[in-house]
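Student: Could you take me on a close look at one part of this structure, the nonpolar surface patch, and then connect it to what lies around and beneath? I would enjoy one long answer.

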Amino acid sequence: MIALVVSLRVRPGCREEFLTAITANAEACVADEPGCVSFDITCDREDEDHFFLYEVYRDQDAIDAHRQAPHFLAWREVAARVIEPGSQVNHLADRLVHLTA
């Protein structure tokens with residue numbers, strides 16, 4: 001499993017547009033992409049315009065397929081408007097352990 005961990009800042013006044021678009025993308029990822037295991041959207045507790053995305057994919061092929069999916073391409077159009085330029089940082093990590101309550 002591969003985790004994609006994304007940190008980004010949303011432009012002031014764009015929070016609702018961001019949340020609408022990223023939620024639609026996340027829902028489509030989980031519903032329509034067999035290689036997407038999970039997709040979490042989180043917000044910094046002290047800065048409502050700073051977000052973290054935690055996405056888990058089965059393998060690199062699943063990530064590659066994700067980046068070509070129509071819902072991802074639609075999300076990227078919105079992202080170009082709402083994300084502060086230069087603020088997005090992506091990290092790929094191997095998920096070693098997953099526990100849930």
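Tutor: Happy to! Patches are made of residues with over 30% relative accessible area and no salt bridge, and nonpolar side chains are joined into one patch within 5 Å. Please keep in mind that this is a predicted model.

With that rule in hand, Leu 96, Val 97 and Leu 99 make a nonpolar surface patch of about 410 Å². Val 97 sits in the segment that follows strand S4, which covers 89-94. Its relative accessible area is 63%, and because exposed means over 50%, Val 97 counts as exposed.

Let us step back along the chain into strand S4, where Val 89 is found. Val 89 has a relative accessible area of 38%, which makes this valine partly exposed. Beyond its neighbours within four places in sequence, Val 89 is in contact with Val 5, Val 6 and Ser 7. For a sense of scale, Val 89 and Thr 23 are 66 residues apart along the chain, and their C-alpha atoms are separated by 19 Å.

Ahead of the strand comes Ser 87, in the loop between H3 and S4. Here the picture changes: with 15% relative accessibility, Ser 87 counts as buried. Leaving out residues up to four places away in sequence, Ser 87 touches Ser 7, Leu 8 and Arg 9. Ser 7 is thus a contact of Val 89 and also of Ser 87.

Leu 8 takes us to the interior. The largest nonpolar core has 25 residues, and Leu 8 is among those that touch the most other members, together with Val 10, Phe 18, Phe 39, Tyr 57, Trp 75 and Val 82. Strands S1 (2-9), S2 (36-43) and S3 (50-57) each supply at least two residues of this core, as do helices H1 (15-32), H2 (60-66) and H3 (70-82). Setting aside neighbours within four places in sequence, Leu 8 is in contact with Phe 18, Asp 49, His 50, Phe 51, Leu 53, Ile 83, Ser 87 and Gln 88.

Helix H3 offers two more views. Arg 76 lies in this helix and is partly exposed, at 33% relative accessible area. Arg 76 and Leu 8 are 68 residues apart in sequence, yet 13 Å apart in space from C-alpha to C-alpha. His 71 is also found in helix H3, but at 17% relative accessibility this histidine counts as buried. Not counting neighbours within four places in sequence, His 71 is in contact with Asn 25, Ala 28, Cys 29, Asp 32 and Glu 33.

Cys 29 in that list raises the matter of sulfur pairs. A search of the whole structure finds zero disulfides. For Cys 36, the closest cysteine sulfur is in Cys 29, 5.1 Å away, so that pair is too far for a bond. For Cys 14, the closest cysteine sulfur is in Cys 43, 14 Å away, which is likewise too far for a bond. Both of these starting cysteines are buried: Cys 36 has a relative accessible area of 6%, and Cys 14 has 15%.

To return to where we began, the patch of Leu 96, Val 97 and Leu 99 is on the surface, while Ser 87, ahead of strand S4, is buried and touches Leu 8.

Conventions
Residues numbered from 1 in each chain as written. Predicted model: local features only at pLDDT ≥ 70, side-chain atom pairs only at ≥ 80, totals over all residues. Heavy atoms only, no water. Core = buried A, V, L, I, M, F, W, Y, C linked by side-chain atoms within 4.5 Å. Buried < 20%, exposed > 50% of the residue type's maximum accessible area, 1.4 Å probe, protein only. Helix = DSSP H or I, 4+ residues; strand = E, 2+ residues; numbered from the N terminus. Contact = heavy atoms within 4.5 Å. Patch = residues over 30% accessible without salt bridge, like charges linked within 9 Å, V, L, I, M, F, W, Y side chains within 5 Å. Areas by Shrake-Rupley, 256 points an atom, 1.4 Å probe, with all protein chains shown as cover. Salt bridge = Lys/Arg side-chain N within 4 Å of Asp/Glu carboxyl O. Disulfide = S-S within 2.5 Å.
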